[in-house]
Each structure stands twice: as C-alpha cells, then as structure tokens.
Amino acid sequence: MKEVPATVRFKRPLALAVHQILLLDWDPIGVKALGASDDDTEYDSDVGEIVKRIESGETPEKLAAYLGGLSKGWMCPPEQHELDLGVARKLAALKSKRDWQ
C-alpha cells in the first residue's frame, strides 16, 4: 500500500513542520536510518498534541519533557534528553511564525 504524503495528511503548515522536525531531527527510534521516507507515519499520532503545546506557548523545557516521556516509552537511552531539548527549542520557535493557520 502506498503511503499518503505528509502534505495531504497535514493540511496545516504548522502540523506539517512539526511532522518534519519529529521525523528528520528527533526520530528517537531511528526510522529514517531504516530507510523511512519523508512521508513516514511513525510519529503522526504525536503531531496534534505537540501543535497544541506550541500554540499554547509551552516552553522548550516543557516540550522537551513531553518528548522525553515519549522517548522513555520507547526505552530510549537517557542521553536522548539533550536531543529532546534541542528539538523542543526548534519546535517552540515555530510559535513565532506568523503564517501558520
């Protein structure tokens, strides 16, 4: 079965940006290393909650804690925290974009 493109699954530009960051920058279980495409659905279920948190102005530290909780669920190593924080900063910075719908 062919994957539905992320641009179709995520109509809002903010959601698409979050999806791309999760897949390309965060990816705690390494789906990209296993050959996943940019349209992979692995982290789709997390996008909506993260969008809500960004829109509510959640701090990078709180976003990192949320990402850390997700990573912990996948039994990722503790050093994942630095990556979580870097990705959370990138996600939080999306709030300042004025063209999100």
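Guide: Accessible areas here come from the Shrake-Rupley method with a 1.4 Å probe. Keep in mind that this is a predicted model.

Visitor: Thanks! What does the accessible surface of the protein come to, and what share belongs to carbon and sulfur atoms?

Guide: The total is about 6,100 Å², and carbon and sulfur atoms hold 56% of that surface. As for the residues themselves, 41% of the 101 in the protein count as buried.

Visitor: Which elements make up the protein?

Guide: There are 5 helices and 0 strands, so to read the order from the N terminus you simply follow α-α-α-α-α. Contacts tell you about sequence separation: among those between residues at least 6 apart in sequence, 64% join residues at least 24 apart.

Visitor: Let's take one helix. How many residues does α3 have, and how far does it reach?

Guide: Helix α3, residues 44-55, has 12 residues. From its first C-alpha to its last it reaches 18 Å, close to the 16 Å expected at 1.5 Å a residue.

Visitor: And which residues of α3 are buried?

Guide: A residue counts as buried under 20% relative accessible area and as exposed over 50%. In α3 the buried ones are Asp-44, Asp-46, Val-47, Ile-50, Val-51, Arg-53 and Ile-54. Looking down the axis of α3, you find these buried residues within an arc of 160°, so they line one face of the helix.

Visitor: What is exposed on the other side of α3?

Guide: There you meet Ser-45 and Lys-52, both exposed.

Visitor: Which residue follows α3, and what is its phi?

Guide: Gly-57 follows the helix, with a positive phi near 85°.

Methods. Residues numbered from 1 in each chain as written. Predicted model: local features only at pLDDT ≥ 70, side-chain atom pairs only at ≥ 80, totals over all residues. Heavy atoms only, no water. Helix = DSSP H or I, 4+ residues; strand = E, 2+ residues; numbered from the N terminus. Expected span 1.5 Å × (residues − 1). Buried < 20%, exposed > 50% of the residue type's maximum accessible area, 1.4 Å probe, protein only. Arc of directions from axis to C-beta. Contact = heavy atoms within 4.5 Å.
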